[in-house]
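This report describes selected features of a protein model. Its topics are salt bridges, one helical residue and an internal cavity.

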Amino acid sequence: MNIMVKKMMLEKMNVFFENRLSDYDEHMLTDIYGAEEFYKFTAAELPITEHCKILDLGCGTGLELEQYFALNPTASVTGIDLSRGMLSALKNKFPDKQLDLICGSYFEIPLNNEFFNAAVSVESLHHFTPEQKLPLYKKLQKSLKADGYFILTDYFAESDEIEKEYFENLRQLKSEQGITDDVFYHYDTPLTVEHEIRVLKAAGFTRMEILRNWGATYTLKAIK
């Protein structure tokens with residue numbers, strides 16, 4: 001299977017999502033296979049202990065949190081996202097919930113050690129290399145309490161060859177457009193499930209579980 005290079009102008013990550021804010025929720029819920037189930041499934045895997053602390057990486061407008069707050073309305077959620085518009089929409093959805101929203105890169109935001117009961121990320125981390133993810137996952141692992149865990153729902157490449165093609169296509173587009181590597185641009189570069197698990201293990205997570213999948217979208221559980 002060959003992936004055709006999309007002749008497209010790459011957009012900075014935050015700009016890409018700001019430009020699609022008005023129809024983001026509808027797109028995510030209706031145009032992605034399995035989305036009508038995987039947001040609910042992901043939320044149900046998070047702890048329901050009262051007042052527990054949750055970290056949401058790339059929280060966007062909080063589609064997983066809509067489901068989660070219905071199960072655990074007392075949870076305290078720290079959400080990190082590059083898009084101010086997304087965070088504003090999230091805050092407006094849940095004016096009565098305990099939200100600490102941070103506009104920035106989750107690669108750069110410091111996290112307190114042994115602070116969160118669990119972490120979650122949905123359809124956000126498929127834009128980055130293993131080398132970029134490893135320090136993030138190390139930081140994430142340290143931020144979890146002793147019995148903490150990370151729920152990752154994302155879509156993955158179907159083979160090593162396809163994974164390589166995604167990254168090669170991005171490299172070609174960046175070269176053609178004179179883009180350097182010091183700023184995040186939106187282009188999907190999913191790893192295979194096996195490579196994602198390898199990075200999580202290298203970061204110190206002790207046990208991995210593949211909980212479920214919907215086509216190429218999987219939910220993984222990484223236990224501290």
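## Salt bridge between Lys 174 and Asp 181

In this predicted model, a salt bridge links the side chains of Lys 174 and Asp 181, with an N to O distance of 2.6 Å. The two partners differ in their accessibility class: Lys 174 counts as buried, at 14% relative accessibility, whereas Asp 181 is exposed, with a relative accessible area of 65%. The cut-offs behind these terms are under 20% for buried and over 50% for exposed.

Salt bridges that share partners also join Asp 25, Glu 66 and Lys 93 into one network.

## Other salt bridges

The structure holds eight salt bridges. In general, side chains of opposite charge can pair when their charged atoms come close.

One of the salt bridges lies within a helix. Glu 168 and Arg 171 are both found in helix α7 (residues 160-176), where three residues, about one turn of the helix, set them apart. Their side chains meet at 2.6 Å, N to O. Glu 168 is partly exposed, with a relative accessible area of 36%, and Arg 171 is likewise partly exposed, at 47%.

Another salt bridge pairs the side chains of Arg 20 and Glu 11, at 2.8 Å from N to O. Arg 20 counts as partly exposed, with 30% relative accessibility, and Glu 11 is also in the partly exposed class, at 22%.

## Thr 42 in helix α3

Thr 42 belongs to helix α3, which spans residues 35-44. Because its relative accessible area is 0%, Thr 42 is classed as buried. A polar atom of the Thr 42 side chain lies 2.7 Å from the backbone oxygen of Phe 38.

Beyond its neighbours within four places in sequence, Thr 42 is in contact with Val 120, Val 122, Ile 151, Thr 153 and Thr 219.

## The internal cavity

The structure holds one cavity of 30 Å³ or more, and the largest cavity has a volume of about 300 Å³. Its lining consists of 27 residues; Phe 17, Gly 58, Asp 81, Tyr 106 and Ser 124 lie nearest its centre.

Two or more lining residues come from each of the elements α1 (13-18), α4 (63-71) and β2 (76-81). The greatest contribution is that of α1, with three residues. By residue class, the lining of the largest cavity comprises 14 nonpolar, ten polar and three charged residues.

Notes: Residues numbered from 1 in each chain as written. Predicted model: local features only at pLDDT ≥ 70, side-chain atom pairs only at ≥ 80, totals over all residues. Heavy atoms only, no water. 1 Å grid on protein atoms, 1.4 Å probe; cavity = no way out; pocket = protein on both sides within 12 Å on 5 of 7 lines; lining within 4 Å. Points joined across faces, edges and corners; volume = space filled by probe spheres on them. Helix = DSSP H or I, 4+ residues; strand = E, 2+ residues; numbered from the N terminus. Nonpolar A, V, L, I, M, F, W, Y, C, P; charged D, E, K, R; others polar. Buried < 20%, exposed > 50% of the residue type's maximum accessible area, 1.4 Å probe, protein only. Polar contact = N/O pair within 3.5 Å; in protein donor to acceptor, adjacent residues only side chain to side chain. Contact = heavy atoms within 4.5 Å. Salt bridge = Lys/Arg side-chain N within 4 Å of Asp/Glu carboxyl O.
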